[in-house]
Amino acid sequence: MSTEHETGNVVVLDLGGTSLRLGHMRQGVACPDFQRISSDRLRVDNAQQVLVDIIREYATKLELKLDVVVLGLPGMIDRQQDTFTHCNNIPQLEGQGLQASLSAALQCRVILEQDIMLQLLGEWRGGSAQGSPAVFGVYFGTGIGAAYLVDGDPYAQSAAGLQAGHIPIMAQGKPCVCGNTDCIEAYACGHTLLELALKHSCSVENLFIEKDNPALSAELETFVLYQSFMIATLVTLFVPDMIVVGGGIPQMAGYPQDRLISNVRKHLRKPYPADSIKIQWACLGNHSTLQGALALLDLNDPIY
Ligand SMILES: [Zn+2]
């Protein structure tokens with residue numbers, strides 16, 4: 001996939017709980033190859049410096065002079081104050097001045113965006129959410145990420161500070177990574193699958209294709225039901241035009257995509273929005289971040 005753009009050389013770094021992915025555009029042309037590095041490299045005291053080193057190493061290896069670096073971060077970004085918080089997976093990156101110090105160290109423009117918003121912007125610009133006036137993205141991965149994009153504007157107040165993975169849904173007292181108990185994320189994300197794999201002595205990758213294990217099947221059914229509860233809750237509250245479901249879990253072998261969708265519709269008011277809500281799967285993969293970066297550059301944001 002290539003995209004013509006007058007933005008020069010752009011490096012995009014998407015920071016996930018398990019791994020970080022680096023991609024780039026050279027003189028506006030997207031490169032199909034992405035590099036994956038373990039996020040553990042950033043779980044150190046000098047995480048900001050390591051982040052700079054990772055981006056520098058990547059650019060040097062590709063002989064790429066940096067014009068713009070776009071980071072998709074799993075946490076809450078306050079652009080006015082240049083603060084980064086709520087990063088449960090890599091708290092070492094939290095604090096003040098991340099954007100300014102990265103920009104100074106890398107000597108280029110640096111744009112920070114919430115990771116799911118960056119991917120959703122990509123789907124809106126060139127993927128499964130093209131043209132949607134109001135799309136809610138729900139991504140089931142290591143954790144649960146969500147973003148709400150209205151009129152393609154990631155800076156709208158309606159989109160700010162969403163922490164949809166931390167809606168409380170249960171009363172079982174299960175701890176969540178955020179410090180609270182009973183958040184949906186504690187019951188329906190990658191951590192939950194790890195626990196199930198351990199409990200049933202099978203590999204995480206094969207969970208949804210395990211045969212002859214009724215106890216596991218029942219637990220996975222409940223897992224998918226919780227995921228649908230979350231989506232139905234968001235549709236009920238925000239009444240978006242479309243839901244985009246992404247992340248690694250729905251792409252796992254044997255994951256019951258049809259059941260997720262039918263569960264969502266089952267728990268929505270009839271006939272509206274049960275029949276009217278569009279539910280799409282994120283389709284761009286890694287490229288969503290490059291498309292998202294282009295969408296951000298199109299905005300000509302005055303702050304960064
Ligand atoms: Zn939580």
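Begin by selecting Cys-108, which at 8% relative accessibility counts as buried, and bear in mind throughout that this is a predicted model. Cys-108 takes part in no disulfide, since the nearest cysteine sulfur, that of Cys-31, is 18 Å away and a disulfide requires sulfur atoms within 2.5 Å. Moving to Cys-189, you will find a residue that counts as buried at 2% relative accessibility; Cys-189 is likewise in no disulfide, the nearest cysteine sulfur being that of Cys-176, 7.5 Å away. For the structure as a whole, the number of disulfides is zero.

Next, turn to the largest nonpolar core, which has 46 residues and in which Leu-193 and Ile-231 have the most contacts. To display the elements that each supply at least two residues of this core, select strands E10 (134-140), E11 (144-150), E12 (242-246) and E13 (278-281) together with helices H4 (190-199), H5 (214-238) and H6 (257-266). Among these elements H5 gives the most to the core, with ten residues. Centre the view on Leu-193 and show its surroundings: leaving aside residues up to four places away in sequence, Leu-193 touches Val-204, Leu-207, Phe-208, Leu-220, Phe-223, Ile-249 and Met-252. Apart from this core lies another, of 30 residues, which includes Leu-13, Leu-15, Leu-71 and Cys-87.

Now select strand E12, where five of the five residues are buried, so that the strand is largely enclosed by the rest of the structure. Both of its faces are covered, with Met-242, Val-244 and Gly-246 buried on one side and Ile-243 and Val-245 buried on the other. Add E10 to the selection, and five bridges can be traced between E10 and E12, which run parallel; here Val-138 stands opposite Val-245 of E12. Adding E13 brings in four further pairing positions to inspect, for four bridges join E12 to E13, again in a parallel arrangement, and Met-242 stands opposite Lys-278 of E13. Following the chain from E12 through H6 to E13 takes you along a β-α-β crossover that is right-handed.

Finish on helix H6 itself, in which Leu-260, Ile-261, Asn-263 and Val-264 are buried. Looking down the axis of H6, you will see its buried residues fall within an arc of 160 degrees, and they therefore line one face of the helix. On the other side of H6, Asp-258 and Lys-266 are exposed. To see what covers the buried residues of H6, show the elements around them, which include H5, E12 and E13.

How values were computed. Residues numbered from 1 in each chain as written. Predicted model: local features only at pLDDT ≥ 70, side-chain atom pairs only at ≥ 80, totals over all residues. Heavy atoms only, no water. Buried < 20%, exposed > 50% of the residue type's maximum accessible area, 1.4 Å probe, protein only. Core = buried A, V, L, I, M, F, W, Y, C linked by side-chain atoms within 4.5 Å. Contact = heavy atoms within 4.5 Å. Arc of directions from axis to C-beta. Pairing = 2+ DSSP bridges. Right-handed = clockwise from strand over helix to strand, strands pointing away.
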